[in-house]
Structures are given as C-alpha cells and as structure tokens.
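Student: Could you take me through one part of this model in close detail? I would like to follow how two helices pack and where the aromatic rings sit.

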Amino acid sequence: MISDEQLLEQMADGDQAAFEAFVHRYHVAIHQYIERLLKDSKKAEDVVQETFIRLLKQLQNKQIPTYPKAWLYRVASNICKDYWRSAQYRSEDTAKDDMPVTVDQQASVIEIYERQETRKEILNSLKNLSETQQQIVTLRFYQDMKLKEIAEILDLPLGTVKSNLFHALKKLKGVLSKEAEKEAEYNEGTTQSRSRAVSTRR
C-alpha cells in the first residue's frame, strides 16, 4: 500500500487521485474523532473540511508534514480548541447529550438499545474529565492510537499522556461505579415496592 508520505508528495504535485485516496483513508476516522469531541456531526464535518483545506495549503507551500496522520489529528484538535474559545461556541447551546448513533442493520433492537445506553453512559462520563483527558481517552480507545502518536498529536510529553490517561481512567471508573451503584439501588427499591404491593393485595 502506498504510504501517506508518498500520497502527500503526489498531492503536492497536483495529483487529484492521490488527494481522493488520502481523504478516503482518513475522512471517517477524523470525523468520528471530532464528532466525539464536539458532539455535533454537522460541525464535525466543517472541521474535517477545514482540516483538509489546511493540508492542501500546506502542500501548496511545498511543506509536507513528516508524520501526516499525527499532523491531521493535531490540526483538527487545534481547530476544535479555536472553536471552543470562540464567541460562536459560547453563544450556542453546547449541552448536546444525544449523539447520532450508527445503526448496525443486523443487530437486534435490544442489542442496539444496549449499545446506545452503554455509549451514552460512557460519553456522559467523559464530561467529568478535563479537555485534555477527554482527547487522550478518545484517541486511545475510539481511534485506537498508540500513546506515542497521541503525544505527537497533542504536542505533549509521553509521560504527561500516560499520567493523564491513568488519572482519566481512574476517574471514569469511579464515575461509572457510582452510576452502577445508583442503578442497583433504584432497581432494588423498585423490586421491594412491587413485592410490598403484591403482599398487600393478598
């Protein structure tokens, strides 16, 4: 398979097919990453387009990134940060809890429901993390990236990434455990109420 660097060299020479191949290779992954950060599919698409436009500008100046994948994610992350700092973001309703979910046509209704519930729980729990920790967890577990790659993308020392990931997972475990306990208590309370109702009828 042709390498990213080779594709970029061809793109720098104006090869349209190379551009399409490169976009095909990374569009979905970058979009999913940004969508998880912004919780907005449409806005994520805008960021992805802006990311590829910046890549083209970079290539027009004959500046080919040495590690294209990390460069793409870093640029996309920086565009998100700019957006979060913008007046537009502050004026919008950013409490978007429900994200669009890709539905597997072969999955049963129960499986889809359970996946959505699990996904929703995990995404909600990410709100308890710092912005950097959210990015690290997303890149590691949703984008399947190595810690070294994440360090390059976020421009952080490897030790900082490891430390943030450790603390993020510890925090997530605590949050999810508390939610599980609450749910268990609720279910137990519901069961007892039903039992009492049944026994009163007798």
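Tutor: Happily; here is a walk along the contact of H2 with H4 and the aromatic pairs there. This is a predicted model, in which local features need pLDDT of at least 70 and side-chain atom pairs count only at pLDDT 80 or more, while totals for chains, interfaces and linings use all residues. Residues are numbered from 1 along each chain as its sequence is written, and side-chain values use heavy atoms, with hydrogens and water left out.

Let us begin with the helices, which are DSSP runs (H or I, at least four residues) numbered from the N terminus. H2 covers residues 16–38, and H4 covers residues 68–85. Their axes come within 11 Å and cross at roughly 35 degrees; these axes are lines fitted to C-alpha atoms over the stretch in contact, with angles running from 0 to 180 degrees between N-to-C directions. The crossing of H2 past H4 is right-handed, meaning that the near helix is turned clockwise from the far one by less than a right angle.

Now the residues that meet, with contact taken as heavy atoms within 4.5 Å. On the H2 side they include Phe22, Tyr26, Ala29 and Tyr33, and on the H4 side Leu72, Tyr73, Ala76 and Trp84 are among them. By class, the contact has 15 nonpolar, 1 polar and 1 charged residues. Here Ala, Val, Leu, Ile, Met, Phe, Trp, Tyr, Cys and Pro count as nonpolar, Asp, Glu, Lys and Arg as charged, and the others, Gly among them, as polar.

The structure holds 2 aromatic pairs. Phenylalanine 22 and tyrosine 26 form a tilted one, 5.2 Å centre to centre with 55 degrees between the planes. Rings of Phe, Tyr and Trp (its six-membered ring) pair if their centres lie within 6.5 Å; planes under 30 degrees apart count as stacked, over 60 as edge-to-face and the rest as tilted. Because they are 4 residues apart in H2, phenylalanine 22 and tyrosine 26 are separated by about one helical turn. Phenylalanine 22 is buried at a relative accessible area of 0%, and tyrosine 26 is buried at 9% (buried is under 20%, exposed over 50%, partly exposed in between, with a 1.4 Å probe and protein chains only).

Tyrosine 33 and tyrosine 73 form a tilted pair too, at 5.3 Å centre to centre and 55 degrees between the planes. This pair links distant parts of the chain, with tyrosine 33 in H2 and tyrosine 73 in H4, 40 residues apart. Both tyrosine 33 and tyrosine 73 are buried.

Conventions:
Helix = DSSP H or I, 4+ residues; strand = E, 2+ residues; numbered from the N terminus.
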